[in-house]
Amino acid sequence: MKRFFEGSSWLLAIHVAALIIFSLYRLIEFVALHSLITHPGTSVWGAFLRGVWFDNVIGCYILVVPLAVVLITAIFGWSHRWLRRGVTIWFAVFYAVAFMPSAANTPYFAYFFKNINSSIFGWFGYAATTAGMVFEEKSYWLYIALYLRLTALFVWFLFRSERFYARR
């Protein structure tokens, strides 16, 4: 039973940390694009709450497989280092991918005045041109650096939490 609660608390800590990173991206977008708010009576807190709700859905999709694996192995009293390392790598890869649209949404919204949606998949046929446009625009470097730093911070947290829960 102890492994069950430890595994659950470890996964909950990762999930909350990811929601904090997503919220930081939303806060940065709000600060950077505050002048583009067209309705003065718009509820900012309501928008942030809906954002957390949306990010929670994405986080739950990422969490479902590790949750099943960790809890099933905890029921049988089985926990190995390679299992925890695999779960940590799972989260690092999938959250790194999930953070990309959040980081890219601020400059994308500033340019197109709409959020990133499935229309960006049409740009994949022009990958070299798109990459050239992104990396040549110096104002985007801030958001690229922000993405790299926040993702590195999150991955660092993942490996620290793995070691912390492994010692327990």
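# Arginines, helices and surface patches

User: Where in the chain's helices is the place of arginine 84?

Analyst: Just so you know, we're looking at a predicted model here. The place of arginine 84 is in the helix that covers residues 81-112, and that one is helix H3.

User: Is arginine 84 buried or exposed, and how far away is the nearest side chain of opposite charge?

Analyst: Arginine 84 is buried, yet it has no salt bridge. A salt bridge needs a side-chain nitrogen of Lys or Arg within 4 Å of a carboxyl oxygen of Asp or Glu. For arginine 84, the nearest oppositely charged side chain is glutamate 162, and the distance is 5.0 Å.

User: Which residues does arginine 84 touch, if we skip those up to four places away in sequence?

Analyst: Glutamate 162 turns up again, since contact just means heavy atoms within 4.5 Å. Leaving out residues up to four places away in sequence, arginine 84 touches Glu162, Trp10, Ser79 and Ala166.

User: Which helix gives the most to the positive patch?

Analyst: The patch of positive charge on the surface gathers Arg81, Arg160, Arg163 and Arg167. Three residues of it come from the helix covering residues 141-167, and the top giver is therefore helix H5.

User: Why does arginine 81 count as exposed?

Analyst: Arginine 81 lies in helix H3. The exposed label needs a relative accessible area over 50%. Arginine 81 counts as exposed because its value is 56%.

User: How far apart are the C-alpha atoms of arginine 81 and arginine 163?

Analyst: Both arginines belong to the positive patch. Along the chain they are 82 residues apart, but the separation of their C-alpha atoms is 9.3 Å.

User: What is the relative accessible area of valine 16?

Analyst: Valine 16 has its place in helix H1 (residues 2-32). Together with Leu12, Ile20, Leu24, Leu27 and Val31, it makes a nonpolar surface patch of about 530 Å². Partly exposed means in between the 20% and 50% cut-offs, so valine 16 gets that label with a relative accessible area of 40%.

User: How many helices and strands does the protein have, and how do its elements run?

Analyst: There are five helices and zero strands. From the N terminus on, the elements run α-α-α-α-α.

User: What share of the protein's accessible surface belongs to carbon and sulfur atoms?

Analyst: Of the protein's 168 residues, buried ones make up 32%. The accessible surface comes to about 11000 Å², and the share belonging to carbon and sulfur atoms is 72%.

Definitions and conventions:
Residues numbered from 1 in each chain as written. Predicted model: local features only at pLDDT ≥ 70, side-chain atom pairs only at ≥ 80, totals over all residues. Heavy atoms only, no water. Patch = residues over 30% accessible without salt bridge, like charges linked within 9 Å, V, L, I, M, F, W, Y side chains within 5 Å. Areas by Shrake-Rupley, 256 points an atom, 1.4 Å probe, with all protein chains shown as cover. Helix = DSSP H or I, 4+ residues; strand = E, 2+ residues; numbered from the N terminus. Buried < 20%, exposed > 50% of the residue type's maximum accessible area, 1.4 Å probe, protein only. Lys, Arg positive; Asp, Glu negative; His and termini not counted. Charge placed at Lys NZ, Arg CZ, Asp CG, Glu CD.
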